[in-house]
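Let's walk through a few spots in this model together, from single residues to the packing of nonpolar side chains. Keep the viewer open as you read.

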Amino acid sequence: MERKFVEDKQKTECDLIKESFLYNLKYALAKDEYSAVKRDFYKSLAYTVRDRLVEKWTRTHQTYYEQDVKRVYYLSLEYLIGRTLGNSLINLEMMDDTYKSMQELGYDLEAIAEVEWDAGLGNGGLGRLAACFLDSMATMGIPAYGYGIRYDYGIFLQKIRDGYQIETPDNWLRYGNVWEIERPENIFMVKFYGRLEHYRDSAGNQRFAWVDTQEVMALAYDTPIPGYKTNTVNNMRLWSAKATRDFNLDYFTHGDYLQAVSDKAQSEAISRVLYPNDNVFEGKELRFKQEYFLVSATLQDIIRRYKKNYVERWDFHDFYEKVAIQLNDTHPAIGIAELMRILVDQELIEWEKAWHITIKTFGYTNHTVLPEALEKWSVTLLGNVLPRHLQIIYEINHRFLKDVSVNYPGDVERLRRMSIIEEADGKKVRMAHLAIVGSHSVNGVSALHSDILKKTLFKDFYELWPEKFNNKTNGITQRRWLRLCNYGLSELITECIGERWVTNLYELKKLAAYADDTAFQERWAEVKRMNKQSLSVCIREDKNFIANIDSIFDCQVKRIHEYKRQLLNALHCVYMYNQIKKHPTAHFVPRTVIFAGKAAPGYYMAKLIIKLINSIAKVVNSDTEVGDKLKVLFVANYSVTVAERLIPSAELSEQISTAGTEASGTGNMKFALNGALTIGTLDGANVEIKEEVGDENIFIFGLKTEDVERLNREGYNPRYYYETNHELKQIIDMIGGGFFSKEDRMLFRPIVDSLLCVDTYKVFADFNAYVECQRSVSNAYKDTAKWTKMSILNVANSGKFSSDRTIKEYADGVWDVKPVDVVLSSGVNDIVI
């Protein structure tokens, strides 16, 4: 035994990786090197890495129990964690040794990593932010858990067929998920429907029993989240819905086998698919059931953990001193009513004390000012699915409005505006109002967004409780969004200023000293060129599209929505096309305009915009007179992995939403961190990016929030811009007249009619300013040294936009939690996480 120990100590890290890899291949997968396929190699390597995580993972949670620390519980219905292998290798400091080990065994690490399927458990920025936060909390040693739903099918796979978006199922679990561990010991019952029974307890107090419910089981699946160069490995726990029994045997007795199968399928449908299309009533109910399923299972788990080994906690006297729950938007807001139900009905705590505990426990992050994202559930639906919760919400609202009346006597209109129950057009529960009333902290995600919340959207609440409101500007994790995805730039930065920037992004400030260094500029530009070349190869293989490496790589990659104004960018593409056709011999700074993003399946206009972009691309790219001067490309199936390829190659970042509509954005931060220059409006976090990088290193155009408000107030007439701007009129007439849709000349009339008659997002009003700003971009690009200097300074001034900074602000200002130092011990026992 002693001799074996000595031999193991003499082995290099590469030896140990190879040994574990081959062991997993042979024994865990029962394969040999000759019969194995690429997926087997991936699984073997993933098991090898996961084995390294387990000891730290177990010890982390052992430490949390031993020290009885306050823990953060981050509730989000979306997580876009991307591929786990590469991120784990970076954070465990295994990347170089693993690359070398695979090379020595004759395998290509990059090819193996390509096998991993993106866990697409989110629609966009909300899920990506949640994933960044988990990474930062682990890196900073914050005791934290991420809670969500393990959807069987993630966000749909997007295919482009004849220019149209086609949705196909994302069966991401088809080959299993190496990184997750099923926890059958952590299973909780979640109730729906039923009715209420009234009774008196021994003290004569009226109580309510929720009976005759339909029940679904929530089964936990855990994924380890490692911090960077730390022993901390936190946990992401996702819930999967399971029927309480495989089949209801009563149906078999009566010969109704199909009904038995149907009930089981209906129970498990809750976690079947990410956010169904809620244009139909059934979809809305399923989505609401998903939200409650998450919070019910999570709160049961939190309380189990809170009480574990502490009998004296029966009265929850220190619950909020040990538990901080953060609501990632309104989706988990029903958790406020659920915690009250548990405390009052099950733990028999009197209302006032229960309400005090609840408020102290919850924090609410608002992510939008768009009406469709501020959830409202019909009283009928909510009362049918969760009858006791509706009763509790009414009681919360009754007591809340009494307090408002005391502060603003006689102000009936204010009561109407602030009520949790909306009375107009059928009674609805305003979930954002419930979240504000039931939380001790309410934050926006950029300075501008938080200001809008206080001045307009939640003005009444801010006037009542100014101390509740605060700002926490979003951030991104530099580990994935620079260190992992942009190896060339990461290595150049580390060579020049050291590697402390990986955990302290403000260290990038040191790059400013190199901004005027000609030799450094050349190396910087060469990294960008190599990234562009790499992307071009991928595009050529996938779409047979040949990009001009000498052109500006101009990228707008984000969810397709009218407020994000992909239309404005598309109109500019037609403008550039017309200019080239009008002046074919004139000098033109070449452009490759790259779009990517998914439209919600039920969002007709967004899907038509995708078709328009592809139709424009078809005309532009096939015009020999235009040639390499202008190319337009729509990259299908945008995902975290696609973003990791696109963003390092981008030179211009399109952040052109209508002012006052984007809460923050994180794509803008990722592009800036990778050296792309921003063209954008003063919206969301663009305002703070401008403040950080300087006016001279960003391209800002268009209406400000107050200008948009003024236009809306005074009466906006989009047709005026159409009739007075010849170039805009030509573009709109081409689109409306069938120039880009000769097979159906009326195809794009809905877009044209919407712009001419309404133009909700002020595309026409900003068009001229956008064109002029794009002209400034082209002029700046002609001066390579100037452009490169601007790129360097964008990276150097991106320190503020690390999610590490955001998490520290939450930890200090909202959660009141401290980092915990995890020390590995020689003996690690199994514990319940």
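A residue counts as buried here when its relative accessible area is under 20%. Please keep in mind that this is a predicted model. Ile792 has a relative accessibility of 0%, so Ile792 is buried. This isoleucine belongs to helix α33, which covers residues 784–796. Leaving aside residues up to four places away in sequence, Ile792 touches Leu511, Tyr514, Ala515, Phe520, Gln521 and Trp524. Ala512 is 280 residues from Ile792 in sequence, yet their C-alpha atoms are 7.1 Å apart in space.

Next, a charged side chain. Glu422 sits in strand β15, residues 421–422. With a relative accessible area of 13%, Glu422 is also buried, because the cut-off is under 20%. Beyond residues up to four places away in sequence, its contacts are Lys376, Lys427, Lys428 and Arg430. With one of these, Lys376, the side chain of Glu422 makes a polar contact of 2.8 Å. For a view of a pair separated in space, try Glu422 and Ile452: they are 30 residues apart in sequence, and 21 Å lies between their C-alpha atoms.

How many disulfides does a search of the whole structure find? The search finds zero. A disulfide is a covalent bond between the sulfur atoms of two cysteines. Two cysteines show why such a bond is missing: the sulfur of Cys132 has its closest cysteine sulfur in Cys485, 11 Å away, which is too far for a bond. Seen from Cys485, the closest cysteine sulfur is that of Cys132, again at 11 Å and too far to bond. Cys132 and Cys485 are both buried, with relative accessibilities of 1% and 14%.

Here are the buried residues met so far, side by side.

| Residue | Relative accessible area |
|---|---|
| Ile792 | 0% |
| Cys132 | 1% |
| Glu422 | 13% |
| Cys485 | 14% |

Now for the nonpolar packing. The largest nonpolar core holds 146 residues, and the members touching the most others are Met137, Phe192, Phe293 and Trp815. Helix α10 (residues 281–307) is the top contributor to this core, giving ten residues. Apart from that core lies another, of 67 residues, including Leu571, Ala606, Leu728 and Leu756.

Phe192 is a good place to zoom in. Among the residues that Phe192 touches, not counting those up to four places away in sequence, are Trp210, Val216, Ile270, Tyr292, Phe293, Val385 and Leu386. Its contacts also include Thr213, Gln214 and Lys289.

Notes:
Residues are numbered from 1 along each chain as its sequence is written. This is a predicted model: local features need pLDDT of at least 70, side-chain atom pairs count only at pLDDT 80 or more; totals for chains, interfaces and linings use all residues. Side-chain values use heavy atoms; hydrogens and water are left out. Helices (H or I, at least four residues) and strands (E, at least two) are DSSP runs, numbered from the N terminus. Buried means under 20% relative accessible area, exposed over 50%, partly exposed in between (1.4 Å probe, protein chains only). Contact means heavy atoms within 4.5 Å. A polar contact is a pair of N or O atoms within 3.5 Å; within protein, one must be able to donate a hydrogen and the other to accept it, and residues adjacent in sequence count only if both atoms are side-chain atoms. A disulfide is a pair of cysteine sulfur atoms within 2.5 Å. A nonpolar core is a set of buried Ala, Val, Leu, Ile, Met, Phe, Trp, Tyr and Cys residues joined through side-chain atoms within 4.5 Å.
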